[in-house]
Amino acid sequence: MGRDRVAWLNAARAALDVEAAAISLAGERLDENLCQVVQMILEHEGKVVVSGVGKSGHVARKLTATLCSTGIPAVFLHAAEAAHGDLGVLSPGDPCILISKSGATAELIRLLPTLRSVQSPLIGIIGNRNSPLAKEVDVLLDASVNGEASPGNPVPTASCVVAMALGDALAVALMHARHFTADDFGRNHPAGQLGRNLRLQVKTAMHGGEEVAWAKRDDSIRAVVIAMTRCPVGAACVIAEDGRLEGLITDGDLRRALETHDDIRSLCAADIMTVRPVTINPEARLQNALELMENRPRQISVLPVVEAENGRCLGLLRLHDIYRVSHV
C-alpha cells in the first residue's frame, strides 16, 4: 500500500509538471494577436460572447465570469442551444470568443455563418492551428499542447488548463488596458468576502475605545491581564501619554512570560510587550490587513490600528473581524 501511495503522488506531481510546462510554452507563444483581441474588445461598446462545448464549454463559462467580474460585459452562448433560440443574445458586432481543443467542434463551425452575418469579430482559443475553426477566426490564440497530463492522453487536462490560462491572460491584459483597480473589482463584488475586503476600510471593522484593553509601560502584568479579561480581543495596546503606540501584548506574550519567569508579579507591561508590532492604517482596505496577517512565516491574528501621521493608536483589528464583516 505504501508503494501505491508513492505512485499516486508521483502521478499527481507529474500531471502538475506537464500542465505547468504547457502554460509556460503558451506564454512564450503569445504575440501581437493578444493585443489585437484586447483592441477589438476595447473598441466595442457592447458585450463579449463566449462559446464552447464540453470541457471547453466549462472553460468558456469561467472566462465569461472572469470578464464580467472585471467590468467587461460578457455572456456564455451554449453552442448546441444557439440555433434553438439562444442566438437572440447576440447583437451586431459583438466579439465572439470560440474555445475548442480540436478546432473541429461541429456545433461551433455551424455557428460561423450566423456570426459572420452580424459582423461579429471572431476570436479563437484553439488547440489546433491547422483546424477548420482556426482557419475561420479573425484572430487566433494558440492553445496547443504537446500532450495531456492523463495516461494515454484521453482526458483533456493540460489543454483545458492552457485554454483557461489564456483566458485569464486576456482578462488581465484588459484590466491593464482599462486601468482596472481593486476598488473597481470590489464594486462588482458587493456581496462576496473578497469584494468586501477590497471595498471596506479597516476602520469599519476595528475595535476602539472601551472595546480595547489599554495599558501603560509601567502597568503591572496583573493590571494588563485584568484589562485583557475585561476586553477579550486578543491583545492589549501599550500607549504613551499622547496616545502613540509603544507596544503590543498578546495572549501569546503572556504565555511566554509565564514559561520564562517563575514569578511574573514583578514584571510590568514594558517587560513583555512587542516593541515594534506590525500595524495597519485605519484608511487601509481590509484586504491589505488580511495580507499583513496571513502572508508571513508566522501568522498573526490581531493588528493595532495606528494613524500614519502621528502614530496615535486607535484600536485593534482581529483576523476574525475581517471575516465577520458582512455589511457596508
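Q: What makes R265 count as exposed in this predicted model?
A: The relative accessibility of R265 is 72%. Exposed requires over 50%, so R265 earns the label.

Q: And why is D263 called partly exposed?
A: D263 has a relative accessible area of 39%. Buried would need under 20% and exposed over 50%, so D263 belongs in between.

Q: How do you know that R265 and D263 form a salt bridge?
A: Their side chains come to 2.9 Å, N to O. The limit is 4 Å between a side-chain nitrogen of Lys or Arg and a carboxyl oxygen of Asp or Glu, so this pair qualifies. Shared partners also matter elsewhere: R29, R129 and D142 are joined into one network by their salt bridges.

Q: What makes R29 and D142 a salt bridge?
A: Their closest N and O atoms are 3.2 Å apart, and the rule asks for a distance within 4 Å, so the pair passes. R29 sits in helix α1 (residues 2–29) and D142 in strand β5 (residues 139–142), so the bridge ties together parts 113 residues apart in sequence.

Q: Why is D142 called buried, while R29 is called partly exposed?
A: For D142 the relative accessible area is 11%, and buried means under 20%. R29 has 29%, which falls between the 20% and 50% limits, so R29 is partly exposed.

Q: How do you know that E283 and K203 meet in a salt bridge?
A: Here the N to O distance is 3.2 Å, and the cut-off is 4 Å, so the two side chains make a salt bridge. This pair links distant parts of the chain, 80 residues apart: E283 lies in the loop between α12 (269–272) and α13 (286–294), and K203 in the loop between α9 (193–199) and β6 (207–208).

Q: What makes E283 and K203 count as partly exposed?
A: E283 is at 42% relative accessibility and K203 at 43%. Partly exposed covers what lies between 20% and 50%, so the term fits E283 and K203.

Q: How many salt bridges does the rule give?
A: The count is twelve.

Q: Finally, why is S131 called buried?
A: S131 has 2% relative accessibility, and the limit for buried is under 20%, so the name is earned. S131 lies in the loop between β4 (122–126) and α6 (132–136). Beyond its neighbours within four places in sequence, S131 is in contact with S102, G103 and I126.

Technical notes
Residues numbered from 1 in each chain as written. Predicted model: local features only at pLDDT ≥ 70, side-chain atom pairs only at ≥ 80, totals over all residues. Heavy atoms only, no water. Helix = DSSP H or I, 4+ residues; strand = E, 2+ residues; numbered from the N terminus. Buried < 20%, exposed > 50% of the residue type's maximum accessible area, 1.4 Å probe, protein only. Contact = heavy atoms within 4.5 Å.
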